[in-house]
Amino acid sequence: MDLIELGERVKAARKSKGWSQTKLAQTAGVSRARLEALENARLAEMGIKHLLRILNALDLDLRLTQLNRGRPTLEDLAAEEAR
């Protein structure tokens with residue numbers, strides 16, 4: 001997953017909670033400008049501390065898994081279906 005896709009997922013999770021960018025930024029303790037840049041793919045990089053704050057505010061976590069260059073896993077297919 002790259003930063004663009006991560007921003008899209010953050011935006012979708014925020015909207016599913018019915019939150020504005022301002023509400024999420026305040027809850028996560030990050031600037032609204034940083035959040036807006038992440039959601040709209042205008043952020044070159046983001047520190048892990050800020051990213052984790054945003055994800056935690058949305059009840060999401062960051063998981064590290066083995067890179068799968070072959071067929072999609074069941075989890076990959078389920079994630080695609082959920083979108």
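**Figure 1. Confidence across the predicted model.** pLDDT is the predictor's confidence in each residue, on a scale from 0 to 100. Welcome to a predicted model whose mean pLDDT is 89. In this protein, 99% of the residues reach 70 or more. Among the helices, α2 is where confidence is highest, with a mean of 97, while α5 is where confidence is lowest, with a mean of 79. Please keep that contrast in mind when you come to the pocket view, since α5 (74-82) contributes to the lining there.

**Figure 2. The overall fold, helix by helix.** Starting from the N terminus, the elements read α-α-α-α-α. That makes five helices and zero strands for the protein. The C-alpha trace spans about 40 × 25 × 20 Å along its principal axes.

**Figure 3. A close-up of α2 against α3.** Here helix α2, residues 21-28, packs with helix α3, residues 32-39. Two packed helices are described by the angle between their axes and the distance between the axes. For α2 and α3 the angle is about 115° and the axes lie 9 Å apart. Their crossing is right-handed.

**Figure 4. The side of each helix that takes part in the contact.** Which residues of α2 and α3 meet? From α2 come Q21, T22, L24 and A25, and from α3 come R32, L35, E36 and E39. By residue class, this contact of α2 with α3 has three nonpolar, two polar and three charged members.

**Figure 5. Looking into the largest pocket.** The space in the largest pocket comes to about 1300 Å³. Its lining is made up of 32 residues, and M1, E5, R9, R63 and D76 are the closest to the pocket's centre.

**Figure 6. Who lines the largest pocket?** Three elements each give two or more residues to the lining: α1 (3-16), α4 (48-57) and α5 (74-82). Which element provides the largest share of the lining? That is α1, with eight residues. As for the character of the lining of the largest pocket, 16 residues are nonpolar, six are polar and ten are charged. One last friendly reminder for this view: the mean confidence of α5 is 79, the lowest in the protein.

Definitions and conventions. Residues numbered from 1 in each chain as written. Predicted model: local features only at pLDDT ≥ 70, side-chain atom pairs only at ≥ 80, totals over all residues. Heavy atoms only, no water. Axes fitted to C-alpha atoms, helices over the stretch in contact; angles between N-to-C directions. Helix = DSSP H or I, 4+ residues; strand = E, 2+ residues; numbered from the N terminus. Left-handed = near helix turned anticlockwise from the far one by under 90°. Contact = heavy atoms within 4.5 Å. Nonpolar A, V, L, I, M, F, W, Y, C, P; charged D, E, K, R; others polar. 1 Å grid on protein atoms, 1.4 Å probe; cavity = no way out; pocket = protein on both sides within 12 Å on 5 of 7 lines; lining within 4 Å. Points joined across faces, edges and corners; volume = space filled by probe spheres on them.
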